[in-house]
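Me: Please take a close look at one part of this model, a helix together with the partners it meets. I would like a connected account of the charged pairs and of the helix packing around it.

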Amino acid sequence: MIGREAFYNPWMLREADARLHLKPPPPSAATRGQLLAAYLDEVERRGDGAEYLAMQPLLTLFAGERGGKAWRRHLQEGWKGAKGERDVRAIVEAAREQLPPAVLESG
């Protein structure tokens, strides 16, 4: 059942290796905010027209966190409200404002 949990709570995979091997995660692990920035850079770099698919893993990135429901709602509304070619970074940045800094800085 890892597949469902990974879909609905992808951040849990960050600690999977540490839990399996009974060791703490590396101190250099990125925060959610850093991961999000790197992900957006990669989406823009690829520019392959698969923006819709790129949005799917972001929907649940903040599941269970303060502001997580507002994050998801803003992503969905931003996607539906965009006309023509969609700017994934603009949609994500608008949704990001719904999250407290402590959630973005968590690692």
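Reply: What follows is a walk around helix H3, through its salt bridges and on to the helices packed nearby in the account.

The model is a predicted one, and the structure holds five salt bridges. Helix H3 covers residues 32-46, and Arg32 in this helix is paired with Glu65, which lies in the loop between helix H4 (51-55) and helix H5 (68-81), so that the salt bridge ties together parts that are 33 residues apart in sequence. The closest N and O atoms of Glu65 and Arg32 are 3.2 Å apart. The two partners can be set against the cut-offs for burial: Arg32, at 5% relative accessibility, counts as buried because its value is under 20%, whereas Glu65, at 32%, counts as partly exposed.

Further along the helix, the side chains of Glu42 and Arg45 meet in a salt bridge with an N to O distance of 2.6 Å. Both residues belong to helix H3, where they are three residues apart and therefore separated by about one helical turn. Glu42 counts as partly exposed, with a relative accessibility of 33%, while Arg45 is exposed, with a relative accessible area of 60%.

Between these two positions in the sequence sits Glu44, which forms a salt bridge with Arg89, the closest N and O atoms being 2.8 Å apart. Glu44 lies in helix H3 and Arg89 in helix H6 (residues 88-96), so this pair ties together parts that are 45 residues apart in sequence. Glu44 counts as partly exposed at 45% relative accessibility, and Arg89 also counts as partly exposed, at 23%. The pair belongs to a network, in which salt bridges that share partners join Asp41, Glu44 and Arg89. As a general point, side chains of opposite charge can pair when their charged atoms come close.

The packing of the helices gives the setting for that network. The axes of H3 and H6 come within 10 Å and cross at roughly 165°, which makes H3 roughly antiparallel to H6, because angles over 145 degrees are classed in that way. The crossing of H3 and H6 is right-handed. On the H3 side the contact is made by Gly33, Leu36, Ala37, Leu40, Asp41 and Glu44, and on the H6 side by Val88, Arg89, Val92, Glu93 and Arg96. The residues of this contact divide into five nonpolar, one polar and five charged, and Asp41, Glu44 and Arg89, which the salt-bridge network joins, are listed among the contact residues.

Helix H6 also meets helix H5, where the axes come within 8 Å and cross at roughly 145°, again in a right-handed crossing. Trp71, His74, Leu75, Gly78 and Trp79 of H5 make this contact with Val88, Ile91, Val92, Ala95 and Arg96 of H6. By class, the contact of H5 with H6 has seven nonpolar, two polar and one charged residues. Val88, Val92 and Arg96 of H6 are named in the contact with H5, and they are also named in the contact with H3.

A last element returns to the start of helix H3. Pro101 has its place in helix H7 (residues 101-104), and at 54% relative accessibility Pro101 counts as exposed. The C-alpha atoms of Pro101 and Gly33 are separated by 8.8 Å, although the two residues are 68 residues apart along the chain; Gly33 is also one of the H3 residues in the contact with H6.

Key:
Residues are numbered from 1 along each chain as its sequence is written. This is a predicted model: local features need pLDDT of at least 70, side-chain atom pairs count only at pLDDT 80 or more; totals for chains, interfaces and linings use all residues. Side-chain values use heavy atoms; hydrogens and water are left out. A salt bridge is a side-chain nitrogen of Lys or Arg within 4 Å of a carboxyl oxygen of Asp or Glu. Helices (H or I, at least four residues) and strands (E, at least two) are DSSP runs, numbered from the N terminus. Buried means under 20% relative accessible area, exposed over 50%, partly exposed in between (1.4 Å probe, protein chains only). Axes are lines fitted to C-alpha atoms, for helices over the stretch in contact, and angles run from 0 to 180 degrees between N-to-C directions. Angles under 35 degrees count as roughly parallel, over 145 as roughly antiparallel, 65 to 115 as roughly perpendicular and the rest as oblique. A crossing is left-handed if the near helix is turned anticlockwise from the far one by less than a right angle, and right-handed if clockwise. Contact means heavy atoms within 4.5 Å. Ala, Val, Leu, Ile, Met, Phe, Trp, Tyr, Cys and Pro count as nonpolar, Asp, Glu, Lys and Arg as charged, and the others, Gly among them, as polar.
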